[in-house]
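Got a minute to walk through a fold together? Here comes the structure, and then we'll poke at it.

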Amino acid sequence: MIQQIDNRMNQQTKNFACIYISYCLFNMTRLVLTFSKTSLVDLGIISHIDLASCLSIAALTYPISKFIVGIFADQFSPRKILSLGLLTSGLLTSGYVYTFDKDRILLYVLSALLGLSQGAI
């Protein structure tokens with residue numbers, strides 16, 4: 001009985017640590033445009049309007065994803081959903097580098113997908 005309680009507490013501690021670390025990483029990926037916006041605008045890579053549009057699109061798709069992921073979390077493992085959300089969020093954030101100077105529509109779609117993936121975190 002005591003061994004089962006000890007195993008359960010150990011598992012809860014691991015889950016808490018994973019959630020805490022992933023939340024820290026989530027905040028870093030979520031604020032990537034906020035941290036770099038002055039450099040991007042000063043260099044002329046993106047305008048204030050495009051940057052505001054990207055942030056607005058991500059902010060609008062984030063709660064939609066929270067609603068959808070909440071339904072899936074009841075059926076699937078929350079740990080797997082969290083891992084998938086972090087992975088896709090990291091990949092999409094790295095994709096921002098290649099879309100700033102190319103196509104604005106692609107940048108907006110990427111922002112929407114980033115908002116959806118961050119809702120899984």
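What follows is a short run of questions and answers on this model.

This is a predicted model, where local features need pLDDT of at least 70, side-chain atom pairs count only at pLDDT 80 or more, and totals for chains, interfaces and linings use all residues. Residues are numbered from 1 along each chain as its sequence is written, and side-chain values use heavy atoms, with hydrogens and water left out.

Q: What pattern does the chain follow along the sequence?
A: Helices (H or I, at least four residues) and strands (E, at least two) are taken as DSSP runs, numbered from the N terminus. On that basis the chain has five helices and zero strands. Read in order, that gives α-α-α-α-α.

Q: What share of the residues in the chain is buried?
A: Buried here means under 20% relative accessible area, exposed means over 50%, and partly exposed is in between (1.4 Å probe, protein chains only). The chain has 121 residues, and the buried part of them comes to 28%.

Q: How far apart are the end C-alpha atoms of α4?
A: The expected span of a helix is 1.5 Å times one less than its number of residues. For the 22 residues of α4 that should be 32 Å, and the model agrees, with the ends 31 Å apart.

Q: Within what arc do the buried residues of α4 fall?
A: The buried set in α4 is Ile81, Leu82, Gly85, Ser89, Leu92, Thr93, Gly95, Tyr96 and Thr99. Seen down the axis, they line one face of the helix, because they fall within an arc (of the directions from the helix axis to the C-beta atoms) of 160°.

Q: Which exposed residues does α4 carry on the face turned away from its buried side?
A: Look at the face of α4 opposite the buried one. The exposed residues there are Lys80, Leu84, Leu87, Leu91, Val97 and Tyr98.

Q: Which element gives the most to the largest nonpolar core?
A: A nonpolar core is a set of buried Ala, Val, Leu, Ile, Met, Phe, Trp, Tyr and Cys residues joined through side-chain atoms within 4.5 Å. The largest one has nine residues: Leu40, Ile46, Leu51, Cys54, Leu92, Tyr96, Leu107, Leu110 and Leu114. Elements giving two or more are α3, α4 and α5. With three residues, the top contributor is α5.

Q: Which element gives the most to the nonpolar patch?
A: Patches are made of residues with over 30% relative accessible area and no salt bridge, where like charges are joined within 9 Å and nonpolar side chains (Val, Leu, Ile, Met, Phe, Trp, Tyr) within 5 Å. This one covers about 950 Å² (Shrake-Rupley method, 1.4 Å probe, only the protein chains shown counting as cover for residues), and its members include Ile64, Phe67, Ile105 and Val109. Both α3 and α5 supply at least two residues. Giving five residues, the leader is α3.

Q: How many residues apart in sequence are the parts that the salt bridge ties together?
A: A salt bridge is a side-chain nitrogen of Lys or Arg within 4 Å of a carboxyl oxygen of Asp or Glu, and a search of the whole structure finds one. It joins Asp50 and Arg104 at 2.7 Å, N to O. Asp50 sits in α3 and Arg104 in α5, so the tied parts are separated in sequence by 54 residues.

Q: Is Asp50 buried or exposed?
A: Its salt-bridge partner Arg104 is partly exposed, at 27% relative accessible area. Asp50 has 13%, which makes that residue buried.
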